[in-house]
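Good morning, and thank you for the time. I would like to walk through one structure, and I ask that you keep the sequence and the model in view as I speak.

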Amino acid sequence: MIRILLLADTHLGFDYPFRPRIERRRRGPDFFRNFERALEPAYRGEVDLVVHGGDIFYRSKVPAQLVEMAFMPLRKVADKEIPVYIVPGNHERSAIPFRLLAGHPNIFIFDQPTCFLLTMRGFTLALAGFPFVRNNIREKFPYMLQQTKWSAIKADAYLLCIHQSVDGAITGPRNYTFRGGKDVIDIHDIPAEFAGVLNGHMHRFQVLEKDLRGKPVATPILYSGSTERTSFAEKDEKKGYVTLDIQTDGRNKGAVHAWTFHELPTRPMLVLECNTAGMNGKAFESWLKDRLAMIPHDSIVKIRIHGKLRSELFETIRAESIRSLAPKTMNISITLVDYRGFGEVRSRSIQREQF
Ligand SMILES: [Mn+2]
């Protein structure tokens, strides 16, 4: 039996400015904290290997300091002789940060279609994978898979490590389901020889075990989801990582024997709707104070403002004014729902400042 820890979409660097223009609560440290929490079973030696399903960072160009901060925990795992496998995600187009990691003998990066072999306690595991494919993975998938040369390798079990959408994957507050698009893998193209697909890209935890018609598939597709909420679209989602066991009965190919989702702590994320019709600055302030008093102090809050604003209200909803009304432990952003043009630009600039 081999025990694996799967984490993905850690999006490190999100709201983590090294030279902040303004002092306020940042969400950046939350992302680092959950990254470390997800790796704790590895620190304790409770798993045999770690797979990161991609999007370590929140975007493709990141400062060297951030790269170093992100790699320290992974190196700590690798130093314990626990191999770490990394799938470059859509935010990892530039290969540069990986050169720093690639030198470690226990860190393996799917920077091109590859199949890594791992033998442990007499069990040989093959980990095939390739970096995120941006365009038309539906058509390219069989070729990418073939390029890993997995079928020429003898192993007790095969795993596929990728960062892609697959038919049936679900995302967003309205449960959008991926089906049949050119950037979606046809679930039937995944060879039954694979015990499981360890996947990133979907920020919601989910395990796909059926095709779009509801017919069971041979290979479960596991998305551990992101370790923190990267947007309000994820506000009601549980965040965490997955552990799974690969087992074989000797006769059959190895299979995913059990998987467990481990939830990580996240701060409350709330949307406050405000209709400003007839409101002046004072009224808005007292409305906001009342609302903020009712919610947890460490909330991440989005205020959606409806209606046309009196000019004095524009002053009140400036980011600084709002922040002065809220506990320092909160994160607050504002959206002007009914404004286009000037109003929207303004609201965007407020949002940019907040996140
Ligand atoms: Mn992502």
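I begin with a pair of strands: β17 is joined to β18, residues 300-306, by seven bridges, and the two run parallel. Within this pairing, C274 has I305 of β18 as its bridge partner. The two strands belong to an open sheet of three, ordered β17-β18-β19, in which the pairing is parallel. Which strands stand at the edges? They are β17, residues 269-275, and β19, residues 331-336; each has a single partner strand, so one side of each is left without a neighbour in the sheet. From one strand to the next, the twist averages 20°. As general background, the strands of a sheet pair through backbone hydrogen bonds, in either the parallel or the antiparallel sense.

I should say clearly that this is a predicted model. The protein chain has a mean pLDDT of 91, and 93% of its residues reach 70 or more. Residues 341-355 are another matter: there the pLDDT is below 50, although in the model this stretch has 20 contacts beyond near neighbours in sequence. Where pLDDT is low, the predicted coordinates should not be read in detail.

Let me turn to the overall division of the chain. Domain 1 covers 2-263 and domain 2 covers 269-354. Their C-alpha centres lie 37 Å apart. How many residues of each domain are in contact with the other? Six residues of domain 1 meet nine residues of domain 2. On the domain 1 side, the touching residues comprise one nonpolar, no polar and five charged.

Next, a hairpin. Strand β5, residues 114-120, pairs with strand β6, residues 123-129, in the antiparallel sense over seven bridges. F116 stands opposite L127 in β6. Two residues lie between the strands of this hairpin, and R121 in the turn has a positive phi of about 50°.

One residue of β5 deserves a closer look, namely L118. Is L118 buried or exposed? L118 counts as partly exposed, because it has 17 C-beta neighbours inside 10 Å, and 20 or more would be needed for a residue to count as buried. Not counting residues up to four places away in sequence, L118 touches L49, P83, L125 and L127. By contrast with those contacts, V77 is 41 residues from L118 in sequence and 16 Å from it in space, C-alpha to C-alpha.

The contact with L49 leads us to strand β2, residues 49-52. L49 and V51 point one way from this strand, V50 and H52 point the other way, and all are buried. Strand β1, residues 2-7, is joined to β2 by four bridges, and the two run parallel. In this pairing, I4 stands opposite L49.

The hairpin also meets a loop residue. A155 sits in the loop between α4, 137-147, and β7, 157-162. A155 is buried, because 22 other C-beta atoms lie within 10 Å. Which residues does A155 contact, leaving aside its neighbours within four places in sequence? They are L117, T124, L125 and A126. L125 is thus in contact with A155 and also with L118. As for I185, it is 30 residues from A155 along the chain, and their C-alpha atoms are separated by 24 Å.

That concludes my presentation, and I welcome your questions.

Technical notes:
Residues are numbered from 1 along each chain as its sequence is written. This is a predicted model: local features need pLDDT of at least 70, side-chain atom pairs count only at pLDDT 80 or more; totals for chains, interfaces and linings use all residues. Domain bounds come from an automatic or database domain assignment. Two residues are in contact if their C-beta atoms, placed from the backbone, lie within 7 Å. Ala, Val, Leu, Ile, Met, Phe, Trp, Tyr, Cys and Pro count as nonpolar, Asp, Glu, Lys and Arg as charged, and the others, Gly among them, as polar. Two strands pair if DSSP finds at least two bridges between them. Axes are lines fitted to C-alpha atoms, for helices over the stretch in contact, and angles run from 0 to 180 degrees between N-to-C directions. pLDDT is the predictor's confidence in each residue, from 0 to 100. A residue is buried if 20 or more other C-beta atoms lie within 10 Å of its own, exposed if 12 or fewer, and partly exposed in between; C-beta atoms are placed from the backbone.
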